[in-house]
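Welcome! Take a moment to turn the structure around on your screen, and then let us walk through it together.

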Amino acid sequence: MPGLGAAVSGRPGERKGEPARRAVVFDLYGTLIDIRTDEGDPGVWGALAQYLGYLGVVIAPEELRSQYQKRVEFQLSSSPERHAEVDVFAVFRDIFAAYGRAKVSREKIIAAAMLFRSLSRRQFGLFPDAAAVLRRLRERVAVGLVSDAQWVFTEAELAITGLRDLFEVRVLSSRLGYKKPDPRLFAKALGVLHVAPEHALYVGDNPARDLVGSRRAGMRCILFRPMENTTGERAAASVGHYAELEAAVDALLPPAAHFP
């Protein structure tokens, strides 16, 4: 994953006499990837507990589910962040430590988290034309990712869908301990891209997280198939299909912008 970089002095992307560097930053789930999961299905916990037994982690399905929920709640309640995020890898690591008969490798903990995700998935796939539009946008603007997501399985899902190498930067909330609408997520991405907020767009589906967060960071937001907007904020544009997105980007980020 591209690094998040050190602090950038001056206004990012600003070079006198040259075209301003522009960027489009995307949300992932619900925006690029159409996904539905069911972590409440008892079958998920039964199959997962059975698998963990082979790794020497002996725990009943209901106890596994209870311990998972308790550890998620503990992470959230003990965080100083207003918009705290969970690290699912740490949840499984702690369960392995408490119920395992022997030390288990990091790789096996990751595999267990991935299995949990796989068992809970009910719908998974790219929205039509999403990858093709990303590739075309990359020819004229910087493209980044800012997502409320669990690195432990999201990095694999980016590879599965062929998206992983389409972003110059990937900022995942679980690596930082806080999630949208915290504007720091967006600022980190723009810092790595060396793009000023006024020359960047964010594309997401959740007004309360995506629209509010990106605007707090000084960006404009395009909503994709948005949820109901009760935020009182207005998006710069709203699209229902990726076929409409490129025209919206070109209208909001004209390529002729120059610094004096």
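**A helix and its surroundings**

On one side of helix α1, Pro42, Gln50 and Tyr54 are exposed (over 50% relative accessible area, with a 1.4 Å probe and protein chains only). Before going further, please note that this is a predicted model, in which local features need pLDDT of at least 70 and side-chain atom pairs count only at pLDDT 80 or more, while totals for chains, interfaces and linings use all residues. Residues are numbered from 1 along each chain as its sequence is written, and side-chain values use heavy atoms, leaving out hydrogens and water.

Helices (H or I, at least four residues) and strands (E, at least two) are DSSP runs, numbered from the N terminus. Helix α1 covers residues 42-54, which makes 13 residues. From its first C-alpha to its last it reaches 19 Å, close to the 18 Å expected at 1.5 Å a residue (1.5 Å times one less than the number of residues).

Now look at the other side of α1. Val44, Trp45, Leu48, Ala49 and Leu52 are buried there (under 20% relative accessible area; values in between count as partly exposed). Seen down the helix axis, the buried residues of α1 fall within an arc of 120 degrees (taken from the directions from the axis to the C-beta atoms), so they line one face of the helix. An α-helix has 3.6 residues a turn, so residues three or four places apart point the same way. The buried residues of α1 pack against α2 (61-78), α3 (88-99), α4 (106-120) and β3 (121-126), where contact means heavy atoms within 4.5 Å.

The ends of α1 are worth a look too. At the N-terminal end, Asp41 acts as a cap, with a side-chain oxygen 2.9 Å from the backbone nitrogen of Gly43. After α1 comes Gly56, whose phi is positive, near 85 degrees.

Next, visit helix α2, where you will find Gln67. Gln67 counts as buried because its relative accessibility is 12%. Leaving aside neighbours within four places in sequence, Gln67 is in contact with Ile59, Ile95 and Tyr99.

Finally, turn to the open sheet of six strands, which has the order β5-β4-β1-β6-β7-β8 with parallel pairing (two strands pair if DSSP finds at least two bridges between them). Its edge strands are β5 (169-172) and β8 (237-239), each pairing on one side only. Strand β4 (residues 142-147) pairs with β5 in the parallel sense over four bridges, and Ser147 has Leu172 in β5 as its bridge partner.

Note on methods:
Polar contact = N/O pair within 3.5 Å; in protein donor to acceptor, adjacent residues only side chain to side chain.
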